[in-house]
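This report covers internal space first and the chain interface second. The coordinates come from a predicted model.

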Amino acid sequence: MTDGMIERLRYDVVILGAGGAGLRAAIEAARPGVKVAVLSKSLLGKAHTVMAEGGMAVSFGNLDPQDCWQTHFYDTMRGGKFLNHYRMAEIFAKEAPDRVVELEQWGAVFDRTPEGRISQRAFGAHSFRRLAHVGDRTGLELIRTLQYKGIHSGMDIYQEVTATHLFQDGAGRPTGVFAYHRQSGTFCVFEAKAVVIATGGWGRMYKVTSNSWESTGEGAALAMRAGAEMKDMEMVQFHPTGMVWPPGARGLLVTEGVRGEGGILLNSEGERFMLRYDPEKKDLSSRDVVARSIYKEVQAGRGSPHGGAFLDITHRGADFIKRKLPNMYDQYLSLADIDITKQPFEVAPTIHYTMGGISVDPETGATSLEGLFAAGESACGLHGANRLGGNSLTDLLVFGRRVGIGACDYAASRQEWTAPSASQVAEAEAAALAPLDRAEGENPYQLHKDLQELMGEHAAIARNRELAEAGLAKLEALKLRSKRLASPGSRMYNPGWHAVFEVEAMVLLAEAILQGALWREESRGAHWRLDFPDADDQGFGQANSICRLDGDEVKLSTRPVPQMPAELAALFSSGQLPVRQGTDQGGHS
Amino acid sequence: MAEMRTLHVFRGDQSGGEEVAYEVPVESGMVVLDAVHQIQATQAPDLAVRWNCKAARCGSCSAEVNGHPRLMCKTRLDAIEGEIHVRPMKAFPVIRDLVTDVSWNYEKAKQIEPFAPKEPAPFTMYQRDVERSQQFRKCIECFLCQDVCHVLREHSAKEQYFGPRFMIKIAELEMHPMDGADRVPFTSHQAGVGMCNITKCCQEVCPEHIHLTDDAIIPLKERVADREWDPIRALFRKPAVR
Ligand SMILES: Cc1cc2nc3c(=O)[nH]c(=O)nc-3n(C[C@H](O)[C@H](O)[C@H](O)COP(=O)(O)OP(=O)(O)OC[C@H]3O[C@@H](n4cnc5c(N)ncnc54)[C@H](O)[C@@H]3O)c2cc1C
Ligand code: SF4
Ligand code: SF4
Ligand code: FES
């Protein structure tokens, strides 16, 4: 097939990803006269976001009127161990209430308080009850609302279309993407003035993960290959409570909502061990702390039969549990034959979220490459070294909107179109077809499995120098194998072929994670170094890691963490939690 | 040695196809989707299947297991006696293997008038008033109800009936306390609620246990009947919530 036969479409803004971030961006960008395309490798409404359970964090103060944006900001920075970009956290905490109300305006139906306002639940390391939620299916509510808003907002949505390459002009600016229709296997070039990456995280790089099939990081890899800067890649979140048994369900999330609604963690001796590790926040301590505590209990021989801890919520009663946590009830009953209203159940840490990602400008979501933007889990800056539960869904709304505006404005400022050249397209096509033509080659499923094993051993919850170095050495062999991936069969809906693009992306991102894990000689948030068990606030704690691709090599450099202006810094120096004064004004929704 | 089981999986496309038998080693608690992944990883890398969450949340992995519309990620092997046959949903054209063309659903979705708030949010709404809407909003769009509904499945009456999934979509909007639009004539005419003859098959297969027929379709039929028999009264009021 020659370029002459490849379809070319032209859009002002092309958005990769139809999760919460991509859809919110598209709704904002699709102004009259602006042509917007959204590409999604799955069907509409199925994105990873649909899995989110517990809720979205927003300081309405509907139940706790002292809550305000300052408290939310404070919790977010503290949770992120001050590696966050303060300006992102500030924008986020300030704009969250408007974004969530807007969702209600578009049809979302949140659980209510007795006064008829949006109800809010407690979650780890949030000082107040803060998570707007719908039972334990908040992600579904978010995506369905944006999906049905989106289809009436004048954007073109391309379902089951996967982007495999980003085209650039001589100055490195994106000129479009190369993509293929999974159903037919045919190619398509989307010419664009601005490209937004909203393709989510890469938790699938690990075996034990709560993440959906989609989280394989292709968008982040596209950005990295194009030369964009990646930040804090070593920061990968372990959620303390994933399912442990049966084997097929291992890693599946047990929402923090279980602990938010009163569940407690016990070791094999029946001890509520979180009282020892964090007497103040107990079972609702931040995720990094709870995950490490479970890990330590297991190491000390006090783990559950399958190597985890017990979670017990039976004291809340069957009615309450079924109403507040219906999916959890169903999940354990149907998959593990366990009735969580009657007995404690086993949980263990699972890979959950990637805090690191494409470095972005807080105001517009612009990356280090002019014309390329990013938002959502693929971007980096808001969460620092540890994301608080519920902060991601709100992140998607706040920065999805901002990146939509940023990309739209940028596209408007670009007068001329630069179309990808015929030779660029031919090259992208050849690269995409290569795995189908290779008679002998590596099985992408096997390489994926080997990568998962490597990451599980060398970049997991407990790290040290030897592990990271050995991991990088082992990765060299995988990198070579990833250049010889083969996928027999036709082009029509061929999952093996699709897996090739995913595995190539993950191998690239894995190197950045391992390099970051080796470089950061301290323990901070999700990054726990056994050989450097303490935080180094004056040294490593002042720096973000930056990874860039230089030719074929991943190069790590560092950059100082942006310093807060005095009025924000003051929130942390008083030694007191900043709260809303005059509590009668609380609760504006 | 692990216990082995045989899965007979449909392989083919629009031009035809047949079931192919694959032997799979069984782990405890394994679901059909695990077995399909096993086959993909070791025997047939190009076996086409949709899935995203493997947690019964996204509604991607719909198929027919021994003739029953099911989510593959929620169907345990140890719950199936004897042979295991996995085929694509019958009500939609097959693309390849277990993947079907469900685009018709997305076209119907677009034709329904979206949420039309009567006033700007934030709303004051009570839990008891939003419960109906919330029940329908649990829908994961797996389209298993569409697959099982005989109107679409046997009679291919896709021009006349939107199917149960979109009846609850309409009901969800109509029963939203703050919605100001009127979709009753649409429900009767374009969406064709009259085509449903209340067999309740849809609510039996729904993995989200939504009471499609009892809580949505029957009330919608009542609203339509109410309106069409009593046009004068209908002029003066929009059907009340619930
Ligand atoms: C089980 C679970 C529960 C969670 N619960 C919560 C919670 O309660 N609260 C909270 O705040 N957060 C929660 N999270 C985290 C949160 O859900 C995610 O971080 C968030 O949804 C990510 O959204 P996103 O828009 O960035 O990307 P995603 O939702 O991951 O969407 C990515 C999109 O990109 C598309 N895509 C990917 N690659 C390509 C490509 N190459 N070409 C074209 N399209 C592509 C995909 O098809 C998809 O549409 C949870 C996560 C999990 C796993
Ligand atoms: S009850 Fe109606 S919608 Fe449901 S399956 Fe029967 S005919 Fe179809
Ligand atoms: S109503 Fe139930 S069966 Fe129908 S699409 Fe929704 S979740 Fe699936
Ligand atoms: S894979 Fe999501 S419902 Fe089965």
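The largest cavity has a volume of about 720 Å³. The structure holds 10 cavities of 30 Å³ or more. Fifty residues line the largest one; nearest its centre lie H48(A), T49(A), G200(A), S215(A) and E377(A). Several elements of chain A give two or more residues to this lining: the helices α1 (20-29), α5 (218-225) and α11 (391-413), and the strands β2 (36-40), β7 (161-168) and β14 (345-354).

Now the interface. Chain A and chain B bury about 5,000 Å² between them. Carbon and sulfur atoms carry 52% of that area. Chain A brings 65 residues to the contact, and chain B brings 60 residues.

Polar links cross the interface too. The rule finds 40 residue pairs in polar contact between chain A and chain B, both residues at pLDDT 80 or more. The salt bridges between the two chains number six. In one salt bridge, R57(B) pairs with E53(A), with the closest N and O atoms 3.3 Å apart.

On chain A, the side that touches chain B draws at least two residues from each of α3 (86-105), α4 (138-150), α10 (326-336) and α15 (495-519). The largest share, seven residues, comes from α10(A).

The table sets out residue classes for the two surfaces.

| Surface | Nonpolar | Polar | Charged |
|---|---|---|---|
| Side of chain A that touches chain B | 28 residues | 21 residues | 16 residues |
| Lining of the largest cavity | 16 residues | 26 residues | eight residues |

Note on methods:
Residues numbered from 1 in each chain as written. Chains lettered and ligands numbered in written order. Predicted model: local features only at pLDDT ≥ 70, side-chain atom pairs only at ≥ 80, totals over all residues. Heavy atoms only, no water. Contact = heavy atoms within 4.5 Å. Buried area = accessible area lost by both parts, 1.4 Å probe. Salt bridge = Lys/Arg side-chain N within 4 Å of Asp/Glu carboxyl O. Polar contact = N/O pair within 3.5 Å; in protein donor to acceptor, adjacent residues only side chain to side chain. Helix = DSSP H or I, 4+ residues; strand = E, 2+ residues; numbered from the N terminus. Nonpolar A, V, L, I, M, F, W, Y, C, P; charged D, E, K, R; others polar. 1 Å grid on protein atoms, 1.4 Å probe; cavity = no way out; pocket = protein on both sides within 12 Å on 5 of 7 lines; lining within 4 Å. Points joined across faces, edges and corners; volume = space filled by probe spheres on them.
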